[in-house]
Amino acid sequence: KKKKKKKIQCLRNAMTKLEKSRFPDAIKRLEAARFYLIEDATMVAKKTPLIQVTHYILCCRILAEVKQLEKDRFEDDVKKCAVITFLASKLPLQKKHVLQCVKLGVRWCMEACYYTLAKHIIESSTDSETFDDQLEQCIASAASDVSPSSEPYFSATDQSFCWKTFALFADGGADTTQTTCTYCPAVISGGTPGTTCEFCDYGETE
């Protein structure tokens, strides 16, 4: 019971840190919650709770990277922020945290002139009506864009990018050097097979 309470408290604290944009602190709380989940064989067998934590760890890593890149704001940094916030907006999180990522994704994609990506984020959102004005702007901007091919293309699934570097795999597909986790959806480009997954801390890479 004590471990269950600690797990719940760690998760609550992690969500609070996430919502305050204190991502490194959120990751520490998520890792603590992950520890208590792994200690519980029932939770490991259920799988869903631990995988949810891995998705939140990934989300916080992405948002921490965005926060760091935002300090520089070079042209390439803006483009990278657009792509990785797009990835974050696709993660299976709680609705309010998805919305948090959607808002960031739309903002950065518009700044990078990635109108098709921004449009996709908005149309995929359960709160798409919140972005009606921006959707109209995306459609108009995309129609007049002289170089739409400059936008990145990928399938936007867990398998389409490296969870560690956030680099996209070629053509949205698999990388021949990628390793996957035997337990959670983590995919790492150039990872070492047979090591413990750094995201769920339970499965092994293969």
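Which residue meets arginine 22 in a salt bridge? Aspartate 25 is the partner, with N and O 3.1 Å apart. Keep that pair in mind as you go through the views below, which come from a predicted model.

**View 1. The whole chain has 8 helices and 2 strands.**
Start here to get your bearings. Reading along the sequence, you meet the elements in the pattern α-α-α-α-α-α-α-α-β-β. The protein chain has 206 residues, and 43% of them count as buried. Its accessible surface comes to about 10900 Å², with 51% of that belonging to carbon and sulfur atoms. Take the contacts between residues at least 6 apart in sequence: 53% of them join residues at least 24 apart.

**View 2. Arginine 22 and aspartate 25 form one of the salt bridges of this structure.**
This is the pair from the opening question, joined through their side chains. Arginine 22 counts as partly exposed because its relative accessibility is 38%. A search of the whole structure finds 7 salt bridges, and the next two views show others. As a general point, side chains of opposite charge can pair when their charged atoms come close.

**View 3. Arginine 61 and glutamate 198 meet in a salt bridge.**
The closest N and O atoms of this pair are 2.7 Å apart. Here the chain is linked across 137 residues: arginine 61 sits in helix H4 (residues 48-72), while glutamate 198 belongs to the segment after strand S2 (187-189). With a relative accessibility of 22%, arginine 61 is partly exposed. Glutamate 198 is partly exposed too, at 28%.

**View 4. Arginine 107 reaches glutamate 70 through a salt bridge.**
The N to O distance in this pair is 2.5 Å. Arginine 107 is part of helix H6 (residues 95-111) and glutamate 70 is part of helix H4, so the bridge ties together parts that are 37 residues apart in sequence. Arginine 107 is partly exposed, at 35% relative accessible area, and glutamate 70 is partly exposed at 28%. Elsewhere, salt bridges with shared partners join Arg61, Lys164 and Glu198 into one network.

**View 5. The largest nonpolar core holds 63 residues.**
Among the residues with the most contacts inside this core are Leu30, Leu58, Ile62 and Phe199. Helix H4 supplies the largest share of the core, 12 residues. Look around leucine 30: beyond its sequence neighbours up to four places away, it touches Leu11, Ala14, Met15, Val53, Tyr56, Ile57 and Cys60. In soluble globular proteins, nonpolar side chains tend to be buried together.

**View 6. Helix H6 has the span expected for its 17 residues.**
At 1.5 Å a residue, H6 should span 24 Å, and its end C-alpha atoms are 24 Å apart, so the two values agree. Several residues of H6 are buried, including His97, Cys101, Leu104, Trp108 and Cys109. Just after the helix, cysteine 113 takes a positive phi of about 65°.

**View 7. Threonine 179 lies in strand S1 (residues 178-180).**
Is this threonine 179 buried or exposed? It counts as buried, because its relative accessibility is 3%, under the 20% cut-off. Leaving aside residues up to four places away in sequence, threonine 179 touches Ala186, Val187, Ile188, Gly191, Thr192, Pro193, Thr205 and Glu206.

Methods:
Residues numbered from 1 in each chain as written. Predicted model: local features only at pLDDT ≥ 70, side-chain atom pairs only at ≥ 80, totals over all residues. Heavy atoms only, no water. Helix = DSSP H or I, 4+ residues; strand = E, 2+ residues; numbered from the N terminus. Buried < 20%, exposed > 50% of the residue type's maximum accessible area, 1.4 Å probe, protein only. Contact = heavy atoms within 4.5 Å. Salt bridge = Lys/Arg side-chain N within 4 Å of Asp/Glu carboxyl O. Core = buried A, V, L, I, M, F, W, Y, C linked by side-chain atoms within 4.5 Å. Areas by Shrake-Rupley, 256 points an atom, 1.4 Å probe, with all protein chains shown as cover. Expected span 1.5 Å × (residues − 1).
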